[in-house]
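User: I'd like to go through this model and ask how each label was earned. Can you set the values against the cut-offs for me?

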Amino acid sequence: MRTMGEGDSGSIVELLQHGLRRAGITKAVPDGSFGPNTAEHLRIFQRENGLKEDAICGPATWAVLYPYLIGTQMHVVKPGEKQAGIAGNAGIRVESLRAANPGLGTAEPEEGQVLKVPTPHPVVPDDIQMSFDLLNLLVDGLQARYPFVSVHTIGQSVMGRPIYRLTLGQGSTHCGYSAAHHANEWLTCTLVMKFLEQYAKGYAENSTFSGVPWSRLYHNYTLDILPLINPDGVDLVTDALAHSNPYWIEAKEIADAFPQLPFPNGWKANIRGVDLNLQYPASWEQAKEIKYKQGYDRPAPRDFVGEAPLTEPESIALAAYTKQADYDLILAYHSQGKLIFWKYKNYNPAGSYVLALRMQAVSGYIPMTTPDESANAGYKDWFIQEYNRPGYTIEVGTGSSPLPLEQFPEIYENNLGILLLGMIGLS
Ligand SMILES: [Zn+2]
């Protein structure tokens, strides 16, 4: 985590403001701008926690903010304390306490025992920008509350960050939902993470959604969430990278050669200027011809297909893991357009169009065949070509990316049904 002080801005400042909010210092919605108010709130937090009162958020302050950011506190059981009392004091259900502490069962805890106690807030905030640091906290936070969520990495980004795979369920049908291939489409990462939280919570509490018990999904399906395929690019767009970072400087040089594209908001590529969703070996040569002609014949904020298919660590990792997983279905999340792309060339996987129509019925999104000039080299294209199984690119929201967070509640509402149908729609 970067050290932040007055005058700083971007998604890491939002993260700090979010932590101060969760710690109860302020109710203000994070705005990403470290001004006098944030400095004052930080001083109060530092005073209350015995930290140096300097209004600088450095390693010591981040460490004390950590439990608030992940949404789980460690609690040492006092004499005579019972599960119900601990949960009641924390404002949570006993089931949530037991889910976070699977060894506990229904037995009362012993004095001095250390328990993980979730806070009443959700782990995944939907009103701050995504960053790699935020995703790390969400992974820690979800795993603390729901230890049955298993965390893996499928590879590393150009900057060496892990590309996460979070897995829920134990069924024989295997589904993979990926998000944030494109840097300025980071909202899709929040979307799938929030869904993962709702699913894990529903399973822990033994509840149902639209009449479907979450436990039935858990037993019948194995769901992989690949929430952030392009962590470096997302950090570029949400201003999480220091401008002195050599990767930031190199990206800025790439962007300067394309002045028609806004920087950093127009950035879709990975950090070295390759568009990851034009990297897959499914008519890649065609994509190359089209995009080179459009002037994207070298590293660019978008639309550069690379020198060859699968040259980038992010696309290599996803293709390799997809082969290993042998998915029955994939959803690839992008923004924008409220569209469902379900086809590749003349491939027509069994049941694929019918399922697209069912997705339309629950979301209002429109099933589309991909226009010829963009029907190449995408992850979904490659998946359909390799396996002839249902694969969808879901385009969420309207307007240009990055979509404003104000759209998030509607996007989530629209996509809940699609995310469920990705599993149950196959049977
Ligand atoms: Zn996209």
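**How the labels were earned**

Analyst: Let's begin with Cys-57: this residue has 28 other C-beta atoms within 10 Å, so Cys-57 is buried. The cut-off for that word is 20 or more. Keep in mind that this is a predicted model.

User: Where is Cys-57, and what does Cys-57 touch?

Analyst: Cys-57 sits in the loop between α2 (36-48) and α3 (59-70). Not counting residues up to four places away in sequence, Cys-57 touches Thr-3, Met-4, Leu-16, Leu-42 and Trp-62. Contact here requires C-beta atoms within 7 Å. As for Ala-39, 18 residues separate Ala-39 from Cys-57 in sequence, and their C-alpha atoms are 9.3 Å apart.

User: What makes Asp-239 count as buried?

Analyst: Asp-239 has 20 C-beta neighbours inside 10 Å, and the label asks for 20 or more, so Asp-239 counts as buried. You'll find Asp-239 in the loop between α9 (231-237) and α10. Its phi is positive, near 60 degrees, and Asp-239 is not a glycine.

User: Why is a positive phi worth pointing out?

Analyst: Most residues other than glycine have a negative phi. Ala-377 is another case, with a positive phi of about 70 degrees. Ala-377 lies in the loop between β11 (366-368) and α14. There are 26 other C-beta atoms within 10 Å of Ala-377, so this residue is buried too.

User: Which peptide bonds are cis?

Analyst: One joins Phe-263 and Pro-264, with omega about 0 degrees. Pro-264 belongs to the loop between α10 (246-256) and α11 (284-293). Another joins Ser-401 and Pro-402, with omega about -5 degrees. Pro-402 is in the loop between β12 (391-396) and α15 (408-424). They get a mention because most peptide bonds are trans.

User: How do you know that the length of helix α12 agrees with its number of residues?

Analyst: Helix α12 (residues 313-325) has 13 residues, and at 1.5 Å a residue these should span 18 Å. The end C-alpha atoms are 18 Å apart, so the two values agree. Right after α12 comes Asp-326, with a positive phi near 55 degrees.

User: Which residues of α12 are buried, and what do they pack against?

Analyst: The buried ones are Pro-313, Glu-314, Ser-315, Ala-317, Leu-318, Ala-319, Tyr-321 and Thr-322. They pack against four strands and a helix: β3 (150-156), β4 (162-168), β5 (173-179), β8 (221-226) and α14 (379-387).

User: What makes β3 and β4 a pair?

Analyst: Pairing takes at least two bridges, and six join β3 to β4, so the two strands pair; they run antiparallel. One of the matches puts Gln-156 opposite Pro-162 in β4. The two strands form a hairpin with five residues between them, and Gly-160 in the turn has a positive phi of about 85 degrees.

User: Why is β8 called a partner of β4?

Analyst: Three bridges link β4 and β8 in the antiparallel sense, and at least two are needed, so they count as paired. Thr-167 has Asp-224 in β8 as its bridge partner. β4 is mostly covered, with five of its seven residues buried.

User: Which residues have the most contacts inside the largest nonpolar core?

Analyst: Tyr-177, Val-192 and Leu-196 do, in a core of 119 residues. Helix α7 (residues 187-204) gives the most to this core, with 11 residues. Leaving aside neighbours within four places in sequence, Leu-196 is in contact with Leu-142, Leu-166, Leu-168 and Ile-225.

User: How do you know that the chain agrees with a compact globule?

Analyst: For 427 residues, a compact globule would have a radius of gyration near 22 Å; the chain has 22 Å, so the two agree. The C-alpha atoms fill a box of roughly 70 × 50 × 35 Å along the principal axes. Of the residues, 49% count as buried.

User: Finally, how is the chain divided into domains?

Analyst: The assignment gives domain 1 (1-71), domain 2 (72-118) and domain 3 (124-427). The centres of domain 1 and domain 2, taken over C-alpha atoms, are 28 Å apart. The secondary structure of the chain comes to 15 helices and 12 strands.

Definitions and conventions. Residues are numbered from 1 along each chain as its sequence is written. This is a predicted model: local features need pLDDT of at least 70, side-chain atom pairs count only at pLDDT 80 or more; totals for chains, interfaces and linings use all residues. The expected span of a helix is 1.5 Å times one less than its number of residues. A residue is buried if 20 or more other C-beta atoms lie within 10 Å of its own, exposed if 12 or fewer, and partly exposed in between; C-beta atoms are placed from the backbone. Two residues are in contact if their C-beta atoms, placed from the backbone, lie within 7 Å. The radius of gyration is taken over C-alpha atoms; the globule rule is 2.2 Å times the number of residues to the power 0.38. Domain bounds come from an automatic or database domain assignment. A nonpolar core is a set of buried Ala, Val, Leu, Ile, Met, Phe, Trp, Tyr and Cys residues joined through C-beta atoms within 7 Å.
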